[in-house]
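This briefing goes through a protein structure topic by topic, beginning with its sheet and moving on to helix packing and individual buried side chains. Please keep the sequence and the 3D view at hand while reading.

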Amino acid sequence: LDMALVWVSPRPYEQYYLPLNASAAMLGSYTIGLYSHIRQKAIYHRPAWNIAGLAGLIVMAIMAFTLIAGVKRSPATGRPYGARNRGYVQRWEEIRQKKLGGFVYPWEQVADYIRMHSSPEDRIYVWGWIPGIYLRSQRFSASPVACTSEMHVYPPKVLAKVVGDLIESFSMRPPRFIVDTHNRHFPYDPPRPPLELWPTIQQKGPIPPDPNIVSQYEQAYYRLLKERADQWPDEAERFLAMKPLRDYVMANYRYVAGFGDHLIFERKVQ
């Protein structure tokens, strides 16, 4: 059943294979127990059963080899890890070292800032895909759709509807804070330009929320995307579909803080 769910999944994310570990452990232990039971009762062909057991151990070792030795590239995307990755065992060690050193990730700093500068009844919205901000800040989403991870692959018309639905949900309960994570989630192809809620200029930070400056930026960036339509066919129209959300932020919010690539906008006092 777990494998069937992986097969029907629209994305080859590695974490989708995690439920298979539980199924494999249960079936594997059952198989070993059944083997031991049959082998103990087998009067004849005992050497054959010993060979079968040894062969099973070899197969298990081969299948678990990548967990022990690690892999250098993502099996799903081919993206290089930069070093041998051993999955969640490696991540546990990373978290342990992080706690010992007192290191706080930028998204955690964002969540801490929101929690210190808001009350529990305030709502927030996180553009992109870092749902941990909601958890650490202990604040609910102002939209029924808390995160948007596939904006880079939505057709422009679909993205325009997503943006329209988002603004409509904000009209019923405006978020106190809006976070632009600037986080690329899917797809992972680096040549694709980022689809930000609020644009930034390298080494200068976010552009000022001035209508004239924003308009000049939008026109220049739209022309650039149009000129590269052969490389990025829908990016110009996708950028245009985001304009109502940029206008909403510019009219109702002010930039208050940034941690790493993440930007925090607070609703203006009406």
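**Strand pairing and helix packing**

Strand E5 and strand E9 (residues 262-267) pair in the antiparallel sense, and the pairing runs over 4 bridges. The model is a predicted one, and the points below take up the sheet to which these strands belong, then two helix pairs, and then two buried residues.

**The sheet**

- The sheet is open and is formed by 5 strands in the order E4-E3-E5-E9-E8, with mixed pairing.
- Strand E4 (140-141) and strand E8 (253-259) are found at the edges, and because each has a single partner strand, one side of each is left without a neighbour in the sheet.
- Helix H11 (residues 243-252) packs on this sheet, where H11 touches E3, E5, E8 and E9, and the direction of H11 makes about 100 degrees with that of E8.
- Strands of a sheet pair through backbone hydrogen bonds, and the pairing can be either parallel or antiparallel.

**Strand E5 and its partners**

- On one face of strand E5 (residues 177-180) the side chains of Phe177 and Val179 point one way, while Ile178 and Asp180 point the other way, and all of them are buried.
- Strand E3 (residues 123-127) pairs with E5 in the parallel sense over 4 bridges; among the bridge partners, Tyr125 is matched with Ile178 in E5, and Trp127 is matched with Asp180 in E5.
- Towards E9, Val179 has Ile264 as its bridge partner.

**Helices H8 and H11**

- Two packed helices are described by the angle between their axes and by the distance between the axes.
- Helix H8 (residues 156-172) packs against H11 at an angle of about 30 degrees, and their axes are 9 Å apart; H8 is therefore roughly parallel to H11.
- H8 passes H11 in a left-handed crossing, and the contact is made by Val163, Leu166, Ile167 and Phe170 of H8 together with Pro244, Leu245 and Tyr248 of H11.
- By class, this contact of H8 with H11 has 7 nonpolar residues, with no polar and no charged ones.

**Helices H2 and H3**

- Helix H2 (residues 19-41) and helix H3 (residues 46-63) have axes that come within 10 Å and cross at roughly 165 degrees, and H2 and H3 are therefore roughly antiparallel to each other.
- The crossing in which H2 passes H3 is left-handed.
- Ile32, Tyr35, Ile38, Arg39 and Gln40 in H2 meet Arg46, Trp49, Asn50, Gly53 and Met60 in H3, and by class the contact of H2 with H3 has 5 nonpolar, 3 polar and 2 charged residues.

**Two buried residues, Arg139 and Lys98**

- Arg139 is placed in the loop between helix H7 (132-137) and E4, and Arg139 counts as buried because its relative accessible area is 7%, under the 20% cut-off.
- Leaving aside neighbours within four places in sequence, Arg139 is in contact with Ile114, Arg115, Ser118, Ser119, Pro120, Asp122, Ile124 and Tyr134.
- The C-alpha atoms of Arg139 and Tyr125 are separated by 9.2 Å, the two residues being 14 residues apart along the chain.
- Lys98 lies in helix H5 (residues 88-101), and Lys98 counts as buried because its relative accessibility is 16%.
- Not counting residues up to four places away in sequence, Lys98 touches Phe103, Tyr105 and Glu108.

How values were computed
Residues numbered from 1 in each chain as written. Predicted model: local features only at pLDDT ≥ 70, side-chain atom pairs only at ≥ 80, totals over all residues. Heavy atoms only, no water. Axes fitted to C-alpha atoms, helices over the stretch in contact; angles between N-to-C directions. Parallel < 35°, antiparallel > 145°, perpendicular 65-115°, else oblique. Left-handed = near helix turned anticlockwise from the far one by under 90°. Contact = heavy atoms within 4.5 Å. Nonpolar A, V, L, I, M, F, W, Y, C, P; charged D, E, K, R; others polar. Buried < 20%, exposed > 50% of the residue type's maximum accessible area, 1.4 Å probe, protein only. Pairing = 2+ DSSP bridges.
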